Structures are given as structure tokens and as C-alpha cells.
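Me: Please pick one part of this model and take me through it closely. Keep it brisk, and give the cut-offs as you go.

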Amino acid sequence: MWVSSDKSPRGSIEVLLTDGHTRATLAVARSLARRGISFVALCPRPQSMTFCSRDVKHAVVTPDPFSQPDAFVRFVLELIQKHEIRLAVPITDRALVLFERHRNELEQHTKLAMARSQALRRVLDKRANLELAAALGIPCPRQFRLEDRRQIPEMIRVLGFPIVIKRSGDPIEAHIPNFKFKVLYAFNEAELRFYIDQYCLNGEHPLFQECATGKVHDLCCFAARGELLAVHEYDAIRRFNGSAILRKIVSPSPDLVEHSRNLLAALDWDGVAHVSFYIGKNGQKWYMETNGRFWASVEGSVYAGWDFPAWTHEYFLHGKRPKPGPIALGSSTCWHTGDLLCALKFMIGRGEIPTPGTTPGKLRAALQSLGGFRPGIHSDIFRWNDPLPAIVELWPYCNRAVGLFRGKAWSYSKATHILFPTSPNFDDRARPLTLDNGKPASKKKETGAPLEPDPGAN
């Protein structure tokens, strides 16, 4: 059951996979291993899920791509040359950004499993992507481009509350500053001004959108030179921090498929793409975004009969277009760790309703999460013949639980802080800190001046 800690690659390797700590990389690695394709997984630490999988023969620990991007790229280039790697597969947006930034250098030594430069940049830049979708007649949430603080009242009239604030994506050019958050929600004018003061830095403006509510519908696609070759839809029965944790493959909605087809054709897209929409209770639909990479739940697609990782290998390395057969409608998969965390966070009052459209109490929420362990629901991570990745994924949360006792966290607030550290940087629905008088802790008053850096902002 246990795996060797020495997984250093030797000799020629066919494929390189980034981000071995993610569920998507683990799913792609298992798919390639079943087909006997040699690969090496890059991991930020040896305690990564993919590193610990018995299906993974070769894995290496790399410099951190966020804090050491140049060192990471040098490491990748050296590895590609040393082991004559024929195909490099970026798994996350960060890997896509770095590979695009150094595309010319990388393509001198290997092939890249990613769309061409112009298409990829129009997807990574969410503002440009939404503008393209709107030009194609795809319904999108209303947006507002803020250039001066005097426009704030106008933005409120146009968008209404709550206002969604998103970063426009990881910038390709290294000199452009990056926002240290993923999504924020302003529920009133005071919160909106607080976020503008904190995050509108150096002339870089995030996206300001109306809040589109409803059920998320995700379409998993594969295209070749803009032609949509395969698309399936899944229903996110439960979600946690923006990720679908319990999913079921359903018949694709014809209009959403048509929107996806038109968008990928306009992009002249190559490879996998994950296209997301909102559908409101009244049937109104909004386009959310396109992700030009493997989705976290790609294991569900493979389990249902469509092996997107194998298609990617064959297409980018050998030029073979996939010919998808039937997919198993009704096939269900679950990210069990996320399901348990979602229920726990809801029960302690720190999370959203686990199952959209329901109003569960704490006991019912717990029972809903246990429903993900029913027979017939496939696990994203756990395998009886390869259990270690699931154990490794749970280990940090077990350490936090131990920290409750070591830190003598007998108070409710301290216990929840240890289990779920508050951070506005990524997935939590961040709200501004408040002062004793209950007003947001903004340090800067409106001056009517254009948006400029706030010296006190982080």
C-alpha cells in the first residue's frame, strides 16, 4: 500500500504534469498510468496526493510557482531537456500563465498541451473573455468599468447590490501587479468603498459585476481548431468554495452547448475547456467564465466514459482527434473531503447551504454530506488499491483538529479560526473587517480623484 519516497525520473519520459497537489493532476496521472504512458508529476511538496499515489512512478518536488516563478520555469526546462519529455501538460491557471509567459523557450524543447497564444490570453483575461462572449450574443452579467471614484454612485445604480468584485485573472506579463483575492462581495456602499480603497492599486481595476444568482451549470468540452468535438454537462448537486463536490452527468442543455460552440469557435480553441453558466429560478441564463485547463472534477468525466486526459495526450502529441462514444448519463462522483468540510463549515455557522435550493438544519446538512458515500457514487480520490492520496489530503485537517487540543481552543471563535482560517485571498466570501462602531475599516475617504495606489493597502 505504501509508496517509495524516491520517485526520481530516470531515462526518457513522455509527459510532464504540473501541480501534483491537485485532484485534477491525480486524475490525469491515473488515466495515463492505466494506458502505460510514462510521465513525471511536479509537486510543490512530497506530501502531495499525486506524489504519494502508487500509480505514479515518477514525481519530483519543484520550487513554488507562486513565490519562485523563475526558478520553477528553469526547473521545468532542465527536466524537459534532461529526460527528453515530449509533452508538457499545465494543470492549473498558474501553470498556464507561466507556460504562456515562457512559451517560446518551452516549445523549443517540447510540445505544450494548451491552446495557441491568442486564444489562451483571451481566456485567461476574464474581462476580454466576457467582452468576446457579449459580442457573440451570449448573455453575461452587467459590468461596470470604474476609472474614477466619482463614478461609484453610478455603478451602484447600474449594478445594484450585492456587487461582485473579481480579479481579471493572473496577468501574463510579470510586471503587472496581481490582485490578492479571487472574488469579493460588496453588500452595501461602505463595503464597496472599502474594497476599492484596498484593492484598486497602481491603476489596475478588478471586474465589477452584477450578482447573478441561480444554479451553476458546467460544460466540459474538447475542441480542435475551434471545432467542438465533445461536450457533456454535469449538475453540481453540492458545492463548496466554488467547487462542485457532488456531481451528476446530465443531458446537455442545447442552448448552453450552442453558446459554448460559438465561443470556442471564435477563440479557435484547441484542447480541453470548462465553460460555466448560471441559470436563475426564472430560467434566465448568464455566462460566467471559461477555464482553459482540466477541471478539478475531471475524474468524473473519465469515470463516465470520456477520457479527456487520454484525448489530450493523443491530440497534442500525435494530432489524433478524439471520437467520443456514449457517456454514462446519471453517473455520479463526489469529492468526499470537500463534502465533509462543507457540512462542518455550515454546522459551525461559517459556510453556505451545502445543497443549493434546500434549507437544511445542522443535522440534515450532516446527513446530506453522508449521502455522498452511498454505493454507486464514485470517489474523486479514494481507491481501495491506492488509498494513500485520500489519507494525505485529509492529513492537514487532522493536524488542525489536533491543534484544537494543543492550543486549548475551548472557545467557539478560536476553534473555528483554527479549523477554517479566515482569508480573503482565495475562496471565502470575504467581508471587510469592522471597527467598534460597526463601520468598515476603510482608511481612505472619497476624494473624487482617479483610482490611485493606497499607501496603506496590502
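Reply: Cys-220 stands opposite His-274, a residue of strand E13. This is a predicted model, where local features need pLDDT of at least 70 and side-chain atom pairs count only at pLDDT 80 or more, while totals for chains, interfaces and linings use all residues. Residues are numbered from 1 along each chain as its sequence is written, and side-chain values use heavy atoms, with hydrogens and water left out.

Start with the two strands in question. E10 covers residues 215-224 and E13 covers residues 271-279. They run antiparallel, joined by nine bridges. Strands pair if DSSP finds at least two bridges between them. Strands (E, at least two residues) and helices (H or I, at least four) are DSSP runs, numbered from the N terminus. In general, strands of a sheet pair through backbone hydrogen bonds, either parallel or antiparallel.

Now widen the view. E10 and E13 belong to an open sheet of seven strands. Its order is E14-E13-E10-E11-E12-E15-E16. The pairing is mixed. At the edges sit E14 (285-291) and E16 (377-379), each pairing on one side only. How far are neighbouring strands turned against each other? The average is 30°, direction ignored. For such angles, axes are lines fitted to C-alpha atoms, over the stretch in contact for helices. Angles run from 0 to 180 degrees between N-to-C directions.

Next, the helix on this sheet. H12 takes in residues 308-318. H12 lies across E10, E11 and E13. Its direction makes an angle of about 30° with E10. Contact here means heavy atoms within 4.5 Å.

One strand under that helix deserves a closer look. E11 spans residues 227-240. Ile-237 has its place in this strand. Is Ile-237 buried or exposed? Its relative accessibility is 26%, so Ile-237 counts as partly exposed. That class lies between buried (under 20% relative accessible area) and exposed (over 50%), with a 1.4 Å probe and protein chains only. Where does Lys-248 lie relative to Ile-237? The two are 11 residues apart in sequence. In space, C-alpha to C-alpha, they are 7.3 Å apart.

To put the part together: E13 and E10 stand next to each other in the order, followed by E11. Cys-220 faces His-274 across the antiparallel pair of E10 and E13. H12 lies across these three strands.
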